[in-house]
Amino acid sequence: MNFKIGLLKGDGIGPEIVDSAVSVLNKIGEKYGHSFDFTAYLAGGCAIDATGEPLPKETVEGCRASDSVLLGAVGGPKWDTLPGHLRPERALLGMRSALGLYTNIRPAKLYDSLRAECPLRADIAGRGIDLVMIRELTGGIYFGERGRREGKMGQEAYDTECYSVAEIERIARVAFNTARKRSRRVTSIDKANILESSRLWREVVHKVAEEYPDVTVTDMLVDNAAMQLVKNPSQFDVIVTSNIFGDILSDEASQVTGSIGLLPSASLGDGKCGLYEPIHGSAPDIAGQNRANPIATILSAAMMLRYSLDLMTEADAIEAAVDRVLREGFRTADILGSSDVKPLSCTEMTEKILERI
Ligand code: NAD
């Protein structure tokens, strides 16, 4: 089959890691008889430099016309002082709303071969971590009414958390459907002891749960969830939560698995086209040095094959190759830990993965 893939290489290490993922997809194409037609578009700091805006119209139109989109990362110190609407990160928010991507899926898995690098106690790491965090992406406080005003104590600022029944229903369904493909357990995270929006969240999640009698749903308050992720992360399978809670907890979940250089993510809406990207940023400190770990982006490409292009065997092949490379002891500098092997460069790690596909 032939697929049109939009590439947003972005800034910093973005171009290096996206090139790695492209070579992996080309290898998959050769092996399984598909062709990937890649078109690169500008987004983030590089787009600001070239066009004056973080997400040019051509980028949005090109991505909308693609079967799926692969993103490296955007941002860097060069653009940090620009006003909010011109910051590289606006490109991410703009793409999510342009493609209607209301779900963010982040798997957090501790590889057996990297258990020693897990920052948690050995007995906790020994029980394993393999969870999927499903975060609502286009609602809640990040998109609610905000502003500044005169208050009782002088100037004040406010942001508003607001969720509709429809927004909660659709993200809950994504969580229950995902759980059906795993161990059929969903933990819904909220702050229902304080927030009205969380009380509605809880009510709606339980209403949707009635459609999925084979899936167990448990509620957990967000403060407890933050503790449980470091105390007993093996208890979790599928987690579903709001935009802001998911933003914070997914970073925590990724940290307990070792390196952020390993973890992929997918942003999806109702259609097939999704946005796939590593969870890390543009790592300006190592940009252009061929030292970046390409695995998170390569695994993002695998997620793209699975969720947007329905190529399950091909996605499995990429994940198995990554697993093998790690089991065989190959490491980039960020996942070296206590190992005394010579770290591989970004291109060397990519080669090792290509050889195993
Ligand atoms: P970062 O994730 O870019 O880097 C944090 C640390 O992790 C750095 O030491 C970096 O070298 C290391 N690191 C990250 N990815 C790595 C990889 N693949 N291989 C090896 N090491 C890796 O976070 P930051 O430093 O807070 O942010 C840098 C820039 O990235 C900022 O401009 C920020 O706004 C942007 N950012 C973008 C995204 C995105 O595009 N989705 C996400 C987060 C941050």
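Visitor: In what order do the 10 strands of the open sheet stand?
Guide: This is a predicted model, and in it the open sheet has mixed pairing among its 10 strands. Strand 2 (35-40) and strand 9 (216-221) stand at the edges with a single partner strand each, so one side of each is left without a neighbour in the sheet. From one strand to the next the twist averages 25 degrees. Read across the sheet, the order is 2-1-3-12-11-4-5-10-8-9.

Visitor: In which sense, parallel or antiparallel, do strand 8 and strand 10 pair?
Guide: Strands of a sheet pair through backbone hydrogen bonds, and either sense can occur. Between strand 8 (residues 185-190) and strand 10 (residues 238-241) there are four bridges, and isoleucine 189 stands opposite threonine 241 in strand 10. The sense in which strand 8 and strand 10 pair is parallel.

Visitor: What angle does the direction of helix 8 make with that of strand 9?
Guide: Helix 8 (residues 222-231) packs on the sheet, where it touches strand 5 (130-136), strand 8, strand 9 and strand 10. Taken against the direction of strand 9, the direction of helix 8 makes an angle of about 100 degrees.

Visitor: Which residue of strand 7 stands opposite arginine 146?
Guide: Strand 6 (residues 146-151) and strand 7 (residues 154-159) pair in the antiparallel sense over six bridges, and a hairpin of two residues joins strand 6 to strand 7. In this pairing, the residue of strand 7 that stands opposite arginine 146 is aspartate 159.

Visitor: Are helix 1 and helix 12 roughly parallel or roughly antiparallel to each other?
Guide: Helix 1 (residues 14-32) packs against helix 12 (residues 346-355) with the axes 10 Å apart, in a right-handed crossing. In this contact Glu16, Ser20, Ser23, Val24 and Lys27 of helix 1 meet Cys346, Thr350, Ile353 and Leu354 of helix 12, which by class gives four nonpolar, three polar and two charged residues. The angle is about 15 degrees, and angles under 35 degrees count as roughly parallel. Helix 1 and helix 12 are therefore roughly parallel.

Visitor: How many charged residues does the contact of helix 10 with helix 11 have?
Guide: Helix 10 and helix 11 pack at an angle of about 160 degrees with their axes 7 Å apart, and they are therefore roughly antiparallel to each other. The contact is made by residues including Ile295, Leu299 and Arg306 of helix 10 and Met312, Glu314 and Val322 of helix 11. By class there are 10 nonpolar and no polar residues in this contact, and the number of charged residues is four.

Visitor: Which residue forms a salt bridge with aspartate 251?
Guide: Side chains of opposite charge can pair when their charged atoms come close. A search of the whole structure finds 25 salt bridges, and in the one formed by aspartate 251 the closest N and O atoms are 3.1 Å apart. Aspartate 251 lies in helix 9 (residues 243-256) and its partner in strand 4 (residues 103-109), so the pair ties together parts that are 145 residues apart in sequence. That partner is arginine 106.

Visitor: What is the phi of aspartate 310?
Guide: Most residues other than glycine have a negative phi. Aspartate 310, which lies in the loop between helix 10 and helix 11 (312-327), has a positive phi although it is not a glycine. The value for aspartate 310 is about 55 degrees.

Terms used. Residues are numbered from 1 along each chain as its sequence is written. This is a predicted model: local features need pLDDT of at least 70, side-chain atom pairs count only at pLDDT 80 or more; totals for chains, interfaces and linings use all residues. Side-chain values use heavy atoms; hydrogens and water are left out. Two strands pair if DSSP finds at least two bridges between them. Axes are lines fitted to C-alpha atoms, for helices over the stretch in contact, and angles run from 0 to 180 degrees between N-to-C directions. Angles under 35 degrees count as roughly parallel, over 145 as roughly antiparallel, 65 to 115 as roughly perpendicular and the rest as oblique. A crossing is left-handed if the near helix is turned anticlockwise from the far one by less than a right angle, and right-handed if clockwise. Contact means heavy atoms within 4.5 Å. Ala, Val, Leu, Ile, Met, Phe, Trp, Tyr, Cys and Pro count as nonpolar, Asp, Glu, Lys and Arg as charged, and the others, Gly among them, as polar. A salt bridge is a side-chain nitrogen of Lys or Arg within 4 Å of a carboxyl oxygen of Asp or Glu.
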